[in-house]
Each structure stands twice: as C-alpha cells, then as structure tokens.
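Me: Could you take a close look at one part of this model for me, the sheet that runs through both chains, and show how its surroundings fit in? I would like the cut-offs along the way.

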2 protein chains.
Amino acid sequence: MNKHYKIGLFGFGTVGQGFYENLKKHPHLPASIEKVCVKRVDLPRIGHELYFTDNPDELIHDPALDIIIELIDDAAAAKKYVHTALQNGKSVISANKKMIGESLEEVDQWHNEFDATFLYEAAVGGGIPIVHAVDGFFRDQEVLKIRGILNGSSNYILTQMQQYQWSFEQALSDAQAQGFAERNPTLDISGIDATYKLSILAYHAFGEVPSLNSFSAESIESVTKEEIKKARAKGRKIKPVATIERLGNEIVCSVRPELVDPNDALYSVDSENNAISVDTVISGKHTSVGKGAGSLPTGSAVLEDLKRLLSGYSYEVSKTKTAVA
Amino acid sequence: MNKHYKIGLFGFGTVGQGFYENLKKHPHLPASIEKVCVKRVDLPRIGHELYFTDNPDELIHDPALDIIIELIDDAAAAKKYVHTALQNGKSVISANKKMIGESLEEVDQWHNEFDATFLYEAAVGGGIPIVHAVDGFFRDQEVLKIRGILNGSSNYILTQMQQYQWSFEQALSDAQAQGFAERNPTLDISGIDATYKLSILAYHAFGEVPSLNSFSAESIESVTKEEIKKARAKGRKIKPVATIERLGNEIVCSVRPELVDPNDALYSVDSENNAISVDTVISGKHTSVGKGAGSLPTGSAVLEDLKRLLSGYSYEVSKTKTAVA
C-alpha cells in the first residue's frame, strides 16, 4: 500500500496539539494533517505549516480528505461532524467521551451502517489502551464486570484530601489551580463523566448498547475530612470507583466514593491516575493503570487509533453483530 | 478475503488444549487445526476429530499448512520447528519463552529475514496482553523501565508464606501439590524464567536485542519466615520483582525478592497473578495485572495472536529496523 492518507483535524487544543506532536515523531506513517478546523483562525499557534480554517464544511465535505480526527469539546457539533464524515465515506477518530457515551445507539448504527471505520480509544482512560482491548481480547474472555477509577480529577481531589487532610473545597480549588480539574467540575465530581466512559466500555465488553436502567451516581462532594481520616487510620483510602456489570438481563452501573483496602488493585492508584479492572470468565481479573488524561497521553491514544486505522483495523463489536444477524 | 487458513499444531498439553477449546468458540474465524504433532499418538485425548501424528516433518514440510502453532516444552526442538516453518514461508505462533528469550538474536533475524510472521504473545504474562502493547503503543511512548511480577509460581509461594506463616519449603510443596509450581521448580524460583520474559519485553520495548551484561538474579529460596513476618508487621509484602531498564548504553536487569509497600502497584498482586509496569516518557507509568499462566488464559493469548495474524498484523520491531537500515 503506497497510498498516502490525508487528515482533516477538528480542534487544536491540548489533545489536538498532543496528537500533532506525536504524529511528527512518526514520519514513516503514510498520513499527514491537511486541514485543521478551529473556532478562531487568528490565534497564534504552534503548527505554522498547517492550514487552518473555521469552516467545518471545508473538512467534512472535502473529497480529498480520507480521515477526520475530531478533538473538540462541543459534543453536539462533534456528533454532526462525525456523522456527516462517516456518511461521506471518511474514517473517523474521536476522543469525545460525552458525545459517544450519550449516543451509543447511534454509534452502534454507524458501526453497522457505514463502511468507514470509527475509532475512539482516547475517549476512555486517556493513555490506557483499553477500548480495543475490551472490544477484542477481553470480550473473548467473557466479561463479567468492569470496575475502575475513570475520572482523574476526582481521584486527584480525594488523593489530596487524604495527603494533606484538606476539605473537599480546599482540594477542589487546588486541583483547579493545578489544572487537574475544570473551572466547572460538575461532570467530573458528580460521576457523570465516568458514566460516559463506563457505557462505552460496556458496549464493547458486552457487545450491545447498555440500557442504564439501573444506574446510580454519588458525587465525591459528600466525602468529608473526617471520613478520610477514619479510613486512613484503618489503612484504607476512599477512591472514586465506577462499576458496571451484567446481572442477568440487566446492566447495573454505579459511580461513587468507596473504601478500598491495600489488597485492592485500586488502592495504589493515586493522584490523576486512572485504572480499569476487567473481570473475565476465562482469565480472571486484569487491571490496567495509567494516566487517564493529558495532552501527550491522550494525543498518543489518538495516534494509536490512526495506526490501527491505517492497518485496516476496526472494532469487532459491529462485525459480531453482523455475524449474528 | 475468503481464504481459509490451515493450522499445524505442535503440542497438545494444557496450553494446546486451552487454544483448541478457545478456537472452538470462534467458528467464524477462517482457520482450523488440520494436524497436531504430539510425542505419543496412542494416548487418549480430547479432540477426537483431529489428525494426530508424531512426525514433525508432516507439519513443517506440508505445503498445505499456512500457520504453525508451537506449544511444546522442549526449547531446542521448538526452535528447529519454528525456524524451518518460517523458512518454508509459514507464519508461526509460539508460547515458548525459554526458546525465544534465549534466542533473541536469531528471533530478530527471523523477523527481518522472512516474510512470514512470527508472534508470541503467550510467551510473556500468559493472559496479559503485553507483548504487542510493548511492541507498539508503549514503544511509541519511549519506554524507560519495565518492572513487574513475571513468575506466578514464585508469587504464589511468597503469598502463601505470608498468609500462613509457612517456611519456603512448606510453601513450595504446597504450590507443587496445587499445580502452581513444577516438580523441578529451579527455573521459576531462581528468577531465570522471569529473565526470559524480561528479555523478550526489553527487545520489543527498546527495539533492539538486549545484551544482558549487567544482570543479576536472586532466588526466592533465601526468603525466610522471619523476614516475611517482619515485612508484614510493617504493612509490607515481599514480592518476586523483575526489573529491566536502559541506563545510557547499558541495559540493566535484575530479578529478586523485594519489599513493597501498599502504594506500590505490585502490593495487591497476590497468588499466581502476574503484573507488568511500563514506565514511559510520554504517558508515565502503566501497570497491567492478570493471570500469568494457565490453560485457558494462555490458550486465549495464542488465539489473540491467531486473530492478529489473520488480520495481517506483525510486530513493529522488525519494520522499524528495516526503516532505519
């Protein structure tokens, strides 16, 4: 294959720049960024050699582009661009957990309806290579349960509370100052962000769109200094734990602060790190730990997807459905 | 691609049978076992529909076979079969850590010399999907260090010593009775087995065959009841830790019993479980935990390799070298 692939990139924030930096380190890859769509083309940026535009149509309707990489915040706009690009026969890579987690029914249709491939490793666990692992290796092992720490901001806040005996409010402002929490941290601390990621993992693990009819989320906001102190005295930690499992026909999902002891794989997962444990029938429990966010880790997860795309890879979840149908 | 791939299988022990059972669960895969080479064809076995032979030439020289899967104990024989099969243009999957770990110079030649693909996910970490991850994703992140528990027998013995205050000898006989240690456990408890696996990981992580000029292995045999008791009193555990890192031009490798505290990701890795932590420049530390051995986990790692092979995957380590040369 000597084809050279042309990429249209939506968004040039931290993840977009991380991807750009990572791609530069792989000059042998037969792919290059041809156009970048941003909100404001007049801002000074790295990547002077790139062509910037503020018109999305210049990307999604350009027949010369083979691949669209969507790395913007706005979930509604992202969904429109991704859908149109797939319709136009372009393969798409996205890191948009909110858009994908909220639209799994449609994502499932896209996988089955369009020939073009849609990948989104970077939407879950940042630098932890988990989506394709759950989609292939772990699903073959028959997944029973997924449990983990899927939100770095929440974990960072609880870790700081324990380390410095801070209140939730103190730890939150510190996390915001350090860049580990957003100015509006609601999605993170409420557990909603973790739920998006759980849903995506469950879809690939169980091979069907989970209907979250049994769902609970408890904010870490309710965790007090005293509770953390008590846990610490017993050699335990409080962690933001997300769990999803299939019980009969029901998929049960919860996100909440939980006491964990040192023999729990999540105990040693501190600060902004994420962890994902997958319990399987065949090979027991697997745990993966790593940075769940950040420019370069997430950017390199996007690059991994690009490499997979170029090698002809696509998720098995759709193929399985076709085979069954 | 409607081609159906014909497999010649060497060995039908626990891993071979685990692979056979796993493959049966994937009837959609365009591959089937055509011939099985075993030492004794007269033994009663599962797999009555299979064709058994005791003549290796019937497999490695059969032009009708596309893929050879090598799952025997004898490293010298395995090496001969694998090499000849690759020479004959057959792709090969192996789980033979000893053969591969001892012959990395030649394995590296094979990757570069032959068009046929050679994969060996099951040689390291059993059910933990690590070789291809280190070969691709982690190498892109620039690996600094690999540290882990790579020998399930040693971990099982030390875990039992701590749990029941047993001596090494007591724990070893128990592990042998439970099937978690071999009758001749030297390779496991001495650290040599872990060294094979470390070398394989280092080859894929650093992109070159490591010359282990700075190598140390300390047997867990020297660990006493008293040391374990003392560690436990301090809230710590003694674990069989394998470490490899590049320091300048040198690759330093050690395998030895180490004190680990609860904030270490290896602390919660008990019994026969394995763990592999990969420290990278770009995305920090990743840890993977899971069953390091066993019929079904290892058999399913072999199946993963088969799926990768069918999708056209091969290790990047060889491609990179070709690109550089």
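Reply: Happy to. Let's start with a helix on that sheet: helix α10 (residues 192–206) of chain A lies across β7 (143–149), β8, β9 (237–247) and β10 (250–260) of chain A, and runs at about 155° to β7(A). Such angles run from 0 to 180 degrees between N-to-C directions, with axes fitted as lines to C-alpha atoms, for helices over the stretch in contact. Helices (H or I, at least four residues) and strands (E, at least two) are DSSP runs numbered from the N terminus. Contact requires that the C-beta atoms of two residues, placed from the backbone, lie within 7 Å.

A word on conventions: this is a predicted model, in which local features need pLDDT of at least 70 and side-chain atom pairs count only at pLDDT 80 or more, while totals for chains, interfaces and linings use all residues. Residues are numbered from 1 along each chain as its sequence is written, and chains are lettered from A and ligands numbered from 1 in the order in which they are written.

Now the sheet itself. It is open, has twelve strands with mixed pairing, and follows the order β8(A)-β10(A)-β9(A)-β7(A)-β11(A)-β12(A)-β12(B)-β11(B)-β7(B)-β9(B)-β10(B)-β8(B). At the edges stand β8 (214–217) of chain A and β8 (214–217) of chain B, each with a single partner strand, so one side of each has no neighbour in the sheet. From one strand to the next, the twist averages 15°. Two strands count as paired if DSSP finds at least two bridges between them.

Moving inward, strand β11 (residues 273–280) of chain A is joined to β12(A) by eight bridges, and the two run antiparallel. Here A:Asn273 has A:Lys291 in β12(A) as its bridge partner. The step from one chain to the other comes next: β12(A) and strand β12 (residues 284–291) of chain B pair over three bridges in the antiparallel sense, with A:Val289 opposite B:Thr287 in β12(B).

Around that junction, 34 residues of chain A are in contact with 35 residues of chain B. On the side of chain A that touches chain B, α6 (131–140), β12 (284–291) and α12 (295–310) of chain A each supply at least two residues. The largest share, eight residues, comes from β12(A). That side of chain A divides into 14 nonpolar, 15 polar and five charged residues; Ala, Val, Leu, Ile, Met, Phe, Trp, Tyr, Cys and Pro count as nonpolar, Asp, Glu, Lys and Arg as charged, and the others, Gly among them, as polar.

How does this fit into the whole of chain A? An automatic or database domain assignment sets the bounds, dividing chain A into domain 1 (5–126 + 296–324) and domain 2 (131–291). Taken over C-alpha atoms, the centres of domain 1 of chain A and domain 2 of chain A are 26 Å apart. Between them, 20 residues of domain 1 of chain A are in contact with 19 residues of domain 2 of chain A. On the domain 1 side of this contact in chain A, α4 (97–102), α5 (104–113), α12 and α13 (316–324) of chain A each give two or more residues. With five residues, α4(A) gives the most to that side.
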